[in-house]
Amino acid sequence: MRNAFGKLGGVCALSAMLAGCGGSKDAATPPGGLRIACATRDATFEDACFVERSNTEQGLVLTLHRPDGGFRRLLVARDGSGVAAADGADPVTVTLRSPTEMEVAVDGVRYRLPARSVPGKTA
């Protein structure tokens, strides 16, 4: 599994920024969690995706839901410094857009996730 742990030099702490995610599991409503911007291929970003978090034996896993029903699962590095595919073979690319936002790309779909600068760390 190719991963993106450490690609940001320890700059991002995902777990703290996504601590409030959760939500309804009712089939009539969209997936719960934090609404995030996403885009497929060359499309424009829209606030149409959701991210849910769950604590597993592997660690914190983020499930990124797309409007078409598809999803990706990402494993957050224990120190919050990056993410990797929790399952599957598609590589994950992480780009820090600003001190408060990162872009994660997997198989042509891009997601914008909140990030937080960690004092003393640089990109």
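This is a chat about the fold, core, disulfide and salt bridges of a predicted model.

Student: Hi! What does the secondary structure of the protein come to?

Tutor: Hello! In this predicted model, the protein has one helix and eight strands.

Student: And in which order do the elements run from the N terminus on?

Tutor: The order is α-β-β-β-β-β-β-β-β, with the helix at the start and the strands after it.

Student: How much of the protein is buried residues?

Tutor: Of the 123 residues, 41% are buried. As for the surface, the protein exposes about 6600 Å², and carbon and sulfur atoms supply 50% of that.

Student: What about contacts, what share comes from residues 24 or more positions apart?

Tutor: Such pairs account for 43%, counting the contacts with a separation of 6 or more.

Student: OK, on to the core. Which residues in the largest nonpolar core touch the most other members?

Tutor: Those are L74, V92 and V104, in a core of 20 residues.

Student: Which elements give two or more residues to this core?

Tutor: The list runs through β1 (34-40), β2 (46-55), β3 (60-65), β4 (71-76), β5 (83-85), β6 (92-98), β7 (101-106) and β8 (109-114).

Student: Let me pick β6 and β7. How do they run, and how many bridges join them?

Tutor: They run antiparallel, and six bridges join them. The connection is a hairpin through two residues.

Student: Nice. Which residue in β7 does L96 stand opposite?

Tutor: L96 faces M102 across the pair.

Student: Changing topic: how many disulfides are there?

Tutor: The count is one. C38 is joined to C49, with an S to S distance of 1.9 Å.

Student: What parts does that pair tie together?

Tutor: C38 lies in strand β1 and C49 in strand β2, so the disulfide ties together parts that are eleven residues apart in sequence.

Student: Are those two cysteines buried or exposed?

Tutor: C38 is buried, at 8% relative accessible area, and C49 is buried as well, at 0%.

Student: What's the handedness of the link?

Tutor: The link of C38 and C49 is right-handed, with 80° about the S-S bond.

Student: Now the charged side chains. How many salt bridges does the count come to?

Tutor: Seven. One of them pairs D90 with R72, at 3.0 Å from N to O.

Student: Where do D90 and R72 lie?

Tutor: D90 is in the loop between β5 and β6, while R72 is in strand β4, so this salt bridge ties together parts that are 18 residues apart in sequence.

Student: And how accessible are D90 and R72?

Tutor: D90 is partly exposed, with 29% relative accessibility. R72 has 19% and counts as buried, because the cut-off for buried is under 20%.

Student: Which residue does D68 meet in a salt bridge?

Tutor: That would be R66, at 3.2 Å from N to O. D68 is exposed, with a relative accessible area of 58%.

Student: Back to β6 and β7 for a second: how far apart are the closest N and O atoms of E103 and R97?

Tutor: They are 3.9 Å apart, and the two residues form a salt bridge. E103 is buried at 15% relative accessible area, whereas R97 is partly exposed at 43%.

Student: Which residues do salt bridges with shared partners join into one network?

Tutor: R97, E101, E103 and R112 make up that network.

Student: Great, that gives me plenty to look at. Thanks!

Conventions. Residues numbered from 1 in each chain as written. Predicted model: local features only at pLDDT ≥ 70, side-chain atom pairs only at ≥ 80, totals over all residues. Heavy atoms only, no water. Core = buried A, V, L, I, M, F, W, Y, C linked by side-chain atoms within 4.5 Å. Buried < 20%, exposed > 50% of the residue type's maximum accessible area, 1.4 Å probe, protein only. Helix = DSSP H or I, 4+ residues; strand = E, 2+ residues; numbered from the N terminus. Salt bridge = Lys/Arg side-chain N within 4 Å of Asp/Glu carboxyl O. Contact = heavy atoms within 4.5 Å. Areas by Shrake-Rupley, 256 points an atom, 1.4 Å probe, with all protein chains shown as cover. Pairing = 2+ DSSP bridges. Disulfide = S-S within 2.5 Å.
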